[in-house]
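Student: I'd like a close look at one salt bridge in this model and whatever surrounds it. Could you take me through that part and then work outward?

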Amino acid sequence: TKPHSTQPEIPPKIHSSRTMNQPFLVVVATALFASSVHAQCPFPVQITGACTSANFKSKCSSLDIPKIETACQNAAVNFGTISGKPYQFDKNFMDGDTYWNEGTEVDVEIKVDGYRVDRFQSNFASNTRVAWPEYDALDDYLDGTGPSYMSNFNLTETCDLRAVSCCFRGSRGAPFPAITMNSDVCHQDLDPSRRSNHINDGWSFHDSESDANIAHCVGFAWADDENTDSHHYRGNALFDVSFANAVMKGYGKNVPGAPLCGCVEMMPVVTNVECRKPEVKNQVHSLTVSGDGNYSIVSDIEVDIVNCATSGSNNLVDRYLTEAAATAEELDQLKKLIVGPAKCDHASFANDRFWTKSTDIGKFETIDSSKWQIVSGLGTRFWPLPYEYYNDALDFDTVFRSLLQASPNKIVRRVCDSCLPSHRDIYYKRLNMTSLPPSDVSFVDYFLSNWTSINNQFNEDFQLFSTYEDAIAGTNPWLYCNFQTPSPRNKVGFPRDCGPGYRVNCQWNTYLQKPCSLPGGGSHVFFVEAPPVL
């Protein structure tokens, strides 16, 4: 079953203001109107080259420019109708966030779901001009303030370098062709793509320790002159590098934090982008005027999207001056975004942002789940507490106590990425299992939100350590510990202000009230040491 869509069907190749079945009188009226208003124009007005007002005016100076521009736009395929999906799907696809992007993990026959893309590629792509993507769905949002461009390709805000790229990180595999990774991904300024990654500001590094090709990047550039093929058929090139690669070749997955496709200014810095361009073999446009004064255009087009170079380098940087008629200054700017093989300059990127490599040990460490059984977590380490914790905490406590009883060394571990280095990794070693709180008191809540000394005396019932090795050997225990005063308004959990040598504030966690400001215990996870696997 084909997916339902409210989008109009892809228009046919030929557009005409009348049909063979219209009465002769209408044709006569059209001719009389044309002769009275544009007496010097040989109708139909026919041009070879781009469908632009300048080209038509060169043939007939009395033609109306806005009407020519509208007719040329109507003669092209609206990019938003090609997928057959609503605007939000197209936007999410370009951001890398639909099931079309997910590759082999999603069991969907993309050529069935994307049948309109397949049909367009087979029947229309080589004989139709595709307009740059504008969407009626954005008209109300923009309130008439400008063209309804998708943010990825907004010519009024981005695309100053007149270049677009798409970077794919995977493929669906057979029966699709294998994907060839052709570029390393260096780093990215996240702000320009905030409407795709939903991050207002920040930066990211990618694959900083190697020069491996980890993405397939492909793109195109266009000249500022609307009469050039690269400008006139840039919508065709966008279809080729985006939808066609996904549906016809099975390419998918975006670079994390980056859109799948966008103007190069909003894409990550990479080492290479394969260059594509329109190759126009024929383009003839014929303009007629209807009896009510409307213009319509019939187009005869033959165009393919091909590699920019058949030999030598096909890197977009190397082809940029030719394809985009770019200046030397523009080329210098592009070289900062497409830097060339083995030229990811992480040091300069970090230095410009006053970054230094962290020397913290253990932050965001991956914990071996075969050795440590997770109990709960918050923030970047979120692990949901069971329903019972908030309604019948003793049921959850029974599970926690059984884990601790089975633990070979009776150790509870807290890992806290948001804490100070001294409190990044803490090992609570229970010394006396016979003095646990009575069964009608939640012992697990001591750690989560109610750190108390009742049946939990420092250096009698437990000790704290900064490393697992110290906890096993009983060496270098912490020297200071305190506890919260029980209160309905004071829900402070582990380890209150305990510290390796002295009081350290605000490193505690809680599940029942707002934690301390960072650095504090907001992002943490609790584990119990698991029994050895036999």
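Tutor: D95 is buried, because its relative accessibility is 8% and the cut-off for buried is under 20%. Keep in mind that this is a predicted model. D95 forms a salt bridge with K91, and the closest N and O atoms are 3.2 Å apart. K91 counts as buried too, at 6% relative accessibility. The two sit 4 residues apart in helix α4, so about one helical turn separates D95 from K91.

Now stay with α4 (87-95), since it also feeds the largest nonpolar core, alongside α6 (115-123), β2 (163-168), β6, α10 (234-249) and β8 (261-263), each supplying at least two residues. That core has 42 residues, and F79, V164 and F239 touch the most other members. The biggest giver is α10, with 8 residues. Apart from this core lies another one, of 28 residues, including A163, C167, M267 and Y320. As background, nonpolar side chains tend to be buried together in soluble globular proteins.

F79 is a good residue to click on here. Leaving out neighbours within four places in sequence, F79 is in contact with D90 and M94, and also with V130, A131, P133 and Y135. Its contacts further along the chain include G235, L238, F239, S242 and F243.

Next, follow β6 out of the core and into the strand pairing. Strand β6 (residues 216-221) pairs with β10 in the parallel sense over 2 bridges, and V218 stands opposite E274 there. Strand β10 (residues 274-289) also pairs with strand β1 (residues 45-48), this time antiparallel and over 4 bridges. In that pairing I47 has H285 as its bridge partner. Then there's β11 (residues 295-307), joined to β10 by 13 bridges and running antiparallel to β10. Two places to check that register are N282, which stands opposite E302, and T288, whose bridge partner is S296. The hairpin of β10 and β11 has 5 residues between the strands, and G293 takes a positive phi near 90° in it.

There's also a little open sheet of 3 strands, in the order β5-β4-β9, with antiparallel pairing. Its edge strands are β5 and β9 (269-270), each pairing on one side only. Strand β4 (residues 185-189) meets β5 over 3 bridges, and D189 has W203 as its bridge partner in β5. W203 lies in β5 (residues 203-205) and counts as partly exposed because its relative accessibility is 32%. W203 also belongs to a nonpolar surface patch with F205 and W355, and together they have about 260 Å² of accessible area.

Back to charges, then. The pair we began with belongs to a structure that holds 14 salt bridges. Another one joins E323 to R319, with the closest N and O atoms 3.0 Å apart. These residues are 4 apart in helix α11 (residues 316-323), so here too about one helical turn separates E323 and R319. E323 is buried, at 9% relative accessibility. D497 and R503 make a salt bridge as well, their closest N and O atoms being 2.9 Å apart. Its two ends fall in separate classes: D497 counts as buried at 2% relative accessibility, whereas R503 is partly exposed, with a relative accessible area of 47%. Then there's a network of salt bridges that links E365, R413 and D425.

K363 is another charged residue to look at. K363 lies in the loop between α13 (346-352) and β12 (372-378) and is partly exposed, with a relative accessible area of 36%. Not counting residues up to four places away in sequence, K363 touches D417 and R424. From K363 to C419 is 56 residues in sequence but 9.2 Å in space, C-alpha to C-alpha.

For one last loop, try T452, between α16 (444-448) and β15 (462-465). T452 counts as buried, at 6% relative accessibility. Beyond residues up to four places away in sequence, T452 touches Y446 and F483.

Conventions:
Residues numbered from 1 in each chain as written. Predicted model: local features only at pLDDT ≥ 70, side-chain atom pairs only at ≥ 80, totals over all residues. Heavy atoms only, no water. Patch = residues over 30% accessible without salt bridge, like charges linked within 9 Å, V, L, I, M, F, W, Y side chains within 5 Å. Areas by Shrake-Rupley, 256 points an atom, 1.4 Å probe, with all protein chains shown as cover. Salt bridge = Lys/Arg side-chain N within 4 Å of Asp/Glu carboxyl O. Buried < 20%, exposed > 50% of the residue type's maximum accessible area, 1.4 Å probe, protein only. Contact = heavy atoms within 4.5 Å. Pairing = 2+ DSSP bridges. Core = buried A, V, L, I, M, F, W, Y, C linked by side-chain atoms within 4.5 Å.
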